[in-house]
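This report describes one protein structure for a reader who has not seen it before. Please keep the sequence and the 3D view at hand while reading.

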Amino acid sequence: MRPKISYAQLRAFNAVAQEGSFSAAARRLGLSQPAITAQVKAIEQAHGVMLFERTGDGARMTPLAKSLFQETRELHVIEDVASDILSASSALKTGELHIMCGAPNPAMALISEFRRRYPGVRVTANFGNWHRVTTALYEQQCDAIILTGVPEDDALTRAAYTEQRAVALLPSKHPLAKRGKPISLRELTDQPLIFRNDHSLTQTALNKALKKSAISLEPSLSLGEREAVYEAVLQGLGIGFMFELAVSRADPAVTRLPIVELDEVYVEHVACLTRNMRRREVRALMALVE
């Protein structure tokens, strides 16, 4: 007779898979670490498999564990939905919401309004480039995202939040900045340029414009984070590129100028996996945008 996995075992397994360690999984579920270890060990022994490789700083899933987690990762969502149904109140006096954002601004304005309306909900916000944020959404490492260029996908629910264009960042003392009018990418062929990595939507937009215009530009400096680009421009290291609302920071030493070849409007969306709309916190965030 094929051995069965109990709910408690599966819950323990999912917690370790999500948290990356047995101790963190124990804290998440409010159990002792030996209890979590015993549940996972029971699965491994019953089926003669290994689910986790113990490392110095946690637990790494084996390929088999990744396959199992892919099929069972919605367990925590089902728990949350069940809790919502059984809850006597839908006033969102408590709860948790994890948001991934492409940039602090304008995400913080929305998060601030959400916190004002639902102060009892604990909000966690993390930031990353386009690739990291979309990956976190699809792999259910977050509940919702605030991002420019959210993919059109039937699996997602999106709500348009705001619009923005890409701009060039120049040291204010630069001759092109003093001119005070839109610049062309063709004017930058002999300038020190600061690019982002290829996982950045800003860089993707720039590369697209360069290809379309048959212009070749080479960076003198490549940086991973938009804040680093801003600081590099501030220090006079070159000309950078950024979406106009990505950073609220304003310094008179940095000038933002429109780019002739980069006039496309990009929409900032708030999005979630459609199946996560079952959660009250997610529905409240989406309703706030709509």
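Which residues form one aromatic cluster together with F13? The cluster is made up of F13, F22 and F52. The model in which this cluster is found is a predicted one.

**Overall layout**

The protein has 290 residues, and 44% of them count as buried. Its secondary structure consists of eleven helices and twelve strands. The C-alpha trace spans about 75 × 40 × 35 Å along its principal axes. Of the contacts between residues at least 6 apart in sequence, 73% join residues at least 24 apart.

**Helix α2 and its cover**

F22, a member of the aromatic cluster, is one of the buried residues of α2. The others named as buried in this helix are A24, A25, A26 and L29. Among the elements that cover the buried residues of α2 are the helices α1 and α3 (33-47). The strands β1 (52-55) and β2 (58-61) also belong to this cover. After α2 comes G30, which has a positive phi, near 70°.

**Pocket and cavity**

The largest pocket holds about 1100 Å³ of space. Its lining counts 35 residues, and those nearest its centre are Q18, R28, H76, D80 and E96. Two or more lining residues come from each of α1 (7-19), α2 (22-29), α5 (75-86), β3 (95-101), β4 (121-127) and α11 (280-289). Helix α5 gives the largest share of this lining, with seven residues.

A search of the whole structure for cavities of 30 Å³ or more finds one. The largest cavity contains about 170 Å³ of space. It is lined by 19 residues, with G102, A103, T148, R226 and F243 closest to its centre. The elements giving two or more residues to the cavity lining are α6 (104-117), β5 (144-148), α9 (201-213) and β10 (240-243).

The table sets out the two linings by residue class.

| Lining | Nonpolar | Polar | Charged |
|---|---|---|---|
| Largest pocket | nine residues | twelve residues | 14 residues |
| Largest cavity | eight residues | eight residues | three residues |

**Nonpolar cores**

Which residues of the largest nonpolar core touch the most other members? They are L169, L170, L185, L188, L217 and F241, out of 36 residues in this core. The elements that supply two or more residues to this core are β7 (166-171), α8 (175-179), β8 (194-196), α9, α10 (226-234), β10 and β11 (254-258). For L170, the contacts beyond four places in sequence are L176, A177, I183, V233, I239, A253, V254, T255 and L257. There is also a second, separate core of 22 residues, with C101, A107, Y118 and L288 among them.

**Aromatic pairs**

How many aromatic pairs does the structure hold? There are five. In one of them, the ring centres of F195 and F241 lie 6.1 Å apart and the planes stand at 65°, so this pair is edge-to-face. Because F195 lies in strand β8 and F241 in strand β10, the pair ties together parts that are 46 residues apart in sequence. Both F195 and F241 are buried.

F243 and Y266 form an edge-to-face pair as well, because their ring centres are 5.1 Å apart and their planes are at 65°. This pair links distant parts of the chain, with F243 in strand β10 and Y266 in strand β12, 23 residues apart. F243 has a relative accessibility of 5% and therefore counts as buried. Y266 is buried too, with a relative accessible area of 11%. F243 is also one of the residues closest to the centre of the largest cavity.

**H269 in strand β12**

Is H269 buried or exposed? H269 has a relative accessibility of 10%, so this residue counts as buried. Its place is in strand β12 (residues 266-273). Leaving out residues up to four places away in sequence, H269 touches I145, I146, L147, V150, R158, A159, A160 and Y161. Of these residues, I145, I146 and L147 fall within the range of strand β5 (144-148), one of the elements that line the largest cavity.

Notes
Residues numbered from 1 in each chain as written. Predicted model: local features only at pLDDT ≥ 70, side-chain atom pairs only at ≥ 80, totals over all residues. Heavy atoms only, no water. 1 Å grid on protein atoms, 1.4 Å probe; cavity = no way out; pocket = protein on both sides within 12 Å on 5 of 7 lines; lining within 4 Å. Points joined across faces, edges and corners; volume = space filled by probe spheres on them. Helix = DSSP H or I, 4+ residues; strand = E, 2+ residues; numbered from the N terminus. Nonpolar A, V, L, I, M, F, W, Y, C, P; charged D, E, K, R; others polar. Core = buried A, V, L, I, M, F, W, Y, C linked by side-chain atoms within 4.5 Å. Buried < 20%, exposed > 50% of the residue type's maximum accessible area, 1.4 Å probe, protein only. Contact = heavy atoms within 4.5 Å. Phe/Tyr/Trp six-rings, centres within 6.5 Å; stacked < 30°, edge-to-face > 60°.
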